[in-house]
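This report describes the strand arrangement, the principal pocket and the unusual backbone geometry of one protein model. The sequence and the coordinates are shown first, and the discussion follows.

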Amino acid sequence: MKNIIHVPHDGHQFPTDLWSSICIPLEDFETYHKAMSDWEVYNLIPLEFRARTIRFPFSRLLCDVERFLEGEEMEVYGMGFCYERAYDGKQIKHVDAALKARTMTYYLQHHEKLKAMVQATSDDVAILDLHSFSDQIIPSRNRKEGNVIPDICLGLGDECLAKYLYESFTRNCFSVEYDYPYAGSLLPNLDPWWTAKHTCRSVMVEIHKRVYLENKRTADLISAVLSDYLSYVQNL
């Protein structure tokens with residue numbers, strides 16, 4: 001089985017022709033960008049697996065490639081594929097049909113690249129959908145009273161792959177939850193000719209920023225867990 005690592009939310013670019021959509025001071029926008037981006041998660045990927053990584057280079061505040069274009073439940077909060085509001089409800093951009101059309105170009109280009117990377121593989125594929133989070137940006141609707149926010153959230157996805165990761169992280173003393181505080185994992189829209197012969201499985205790994213940004217030892221430990229998991233998948 002082939003690995004593909006998907007890193008959709010660590011991009012820092014924001015095309016200058018779209019700056020005019022921003023309706024708050026740029027320093028405030030950049031503060032929101034830093035809070036909501038998956039800061040430095042790429043550095044957690046073991047070196048030997050980075051060639052199999054696809055990253056979205058632009059800020060998710062421009063375009064969130066993990067939202068649905070239709071039927072997206074976060075659209076009601078102004079956080080569809082073209083963000084209008086930040087995690088706290090603050091309006092950060094003026095969004096109209098023209099901006100959505102331009103934003104969709106970036107969205108579709110990324111998904112075509114992901115699809116092409118999967119379908120260029122003459123083998124089954126496992127996607128590791130890699131993210132980070134912090135207490136600050138978790139909306140109240142995602143919190144469960146009395147539940148401690150874990151070090152690691154595993155989004156299902158493929159239950160067998162998630163179980164392997166769960167056991168590996170807990171064995172290394174990380175607290176882990178399935179589908180909490182975030183749920184699910186991305187699967188690309190693949191062509192029938194490919195899916196007739198192959199399978200594509202996926203698991204989301206959300207890592208709390210306190211775990212890897214504040215302690216190099218635990219960051220190295222996470223990289224080691226990911227290396228073990230990716231090697232395991234390679235041998236399936």
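## The enclosed strand E3

Nine of the nine residues of strand E3 are buried, so E3 is largely enclosed by the rest of the structure. This is a predicted model. Val-125, Ile-127, Asp-129, His-131 and Phe-133 point one way from E3, while Ala-126, Leu-128, Leu-130 and Ser-132 point the other way. Every one of these residues is buried, the charged Asp-129 among them.

## The sheet around E3

E3 belongs to an open sheet of six strands, arranged in the order E2-E1-E3-E6-E4-E5 with mixed pairing. Strand E2 (53–55) and strand E5 (176–178) form the edges, each pairing on one side only. On average, and with direction ignored, neighbouring strands of this sheet are turned by 20 degrees against each other.

On one side, E3 (residues 125–133) runs parallel to strand E1 (residues 2–7), and five bridges join the two. Within this pairing, Ile-4 has Ile-127 of E3 as its bridge partner, and Asn-3 stands opposite Ala-126. With E6, E3 shares nine bridges, again in the parallel sense. Ala-126 of E3 stands opposite Arg-201 in E6. Ala-126 thus faces Asn-3 as well as Arg-201.

E1 is itself mostly covered, with five of its six residues buried. E1 also pairs with the edge strand E2, in the parallel sense and over three bridges. In that pairing Val-7 stands opposite Arg-55 of E2.

## Helix H3 and Ala-162

What does helix H3 (residues 159–171) touch when it packs on the sheet? The helix is in contact with E3, strand E4 (152–156), E5 and strand E6 (200–208). The direction of H3 makes about 30 degrees with that of E6.

Ala-162 is located in helix H3. With a relative accessible area of 0%, Ala-162 falls under the 20% limit and therefore counts as buried. Apart from neighbours within four places in sequence, Ala-162 is in contact with Leu-154, Leu-156, Tyr-178 and Val-203. Of these partners, Tyr-178 lies 16 residues from Ala-162 along the chain, and the C-alpha atoms of the two are separated by 8.2 Å.

## The largest pocket

The largest pocket holds about 1100 Å³ of space. Its lining comprises 44 residues, of which Asp-64, Glu-66, Arg-67, Glu-72 and Ala-183 are the closest to the centre. Helix H2 (97–119), E3 and E6 are the elements that give two or more residues to this lining. H2 supplies the largest share, five residues. By class, the lining has 22 nonpolar, nine polar and 13 charged residues.

## Backbone geometry

Most residues other than glycine have a negative phi, and most peptide bonds are trans. The table lists the exceptions considered here.

| Site | Backbone value | Location |
|---|---|---|
| Leu-156 to Gly-157 | cis peptide bond, omega about 5 degrees | Gly-157: loop between E4 and H3 |
| Tyr-180 to Pro-181 | cis peptide bond, omega near 10 degrees | Pro-181: loop between E5 and helix H4 (192–195) |
| Glu-40 | positive phi, about 65 degrees | loop between helix H1 (26–36) and E2 |
| Cys-173 | positive phi, near 75 degrees | loop between H3 and E5 |

The cis bond between Leu-156 and Gly-157 involves a residue already mentioned, since Leu-156 is one of the contacts of Ala-162. Gly-157 itself lies in the loop between E4 and H3. The other cis bond leads from Tyr-180 to Pro-181, and Pro-181 is placed in the loop between E5 and H4.

How accessible are the two residues with positive phi? Glu-40 has a relative accessibility of 43% and therefore counts as partly exposed. Cys-173, at 70% relative accessibility, is over the 50% limit and so counts as exposed. Neither Glu-40 nor Cys-173 is a glycine.

Notes:
Residues are numbered from 1 along each chain as its sequence is written. This is a predicted model: local features need pLDDT of at least 70, side-chain atom pairs count only at pLDDT 80 or more; totals for chains, interfaces and linings use all residues. Side-chain values use heavy atoms; hydrogens and water are left out. Two strands pair if DSSP finds at least two bridges between them. Helices (H or I, at least four residues) and strands (E, at least two) are DSSP runs, numbered from the N terminus. Axes are lines fitted to C-alpha atoms, for helices over the stretch in contact, and angles run from 0 to 180 degrees between N-to-C directions. Contact means heavy atoms within 4.5 Å. On a 1 Å grid over the protein atoms alone, a cavity is a set of points where a 1.4 Å probe fits but cannot get out, and a pocket is an open set with protein on both sides within 12 Å along at least five of seven lines; lining residues have an atom within 4 Å of a point. Grid points are joined across faces, edges and corners, and a volume is the space filled by probe spheres set on the points. Buried means under 20% relative accessible area, exposed over 50%, partly exposed in between (1.4 Å probe, protein chains only).
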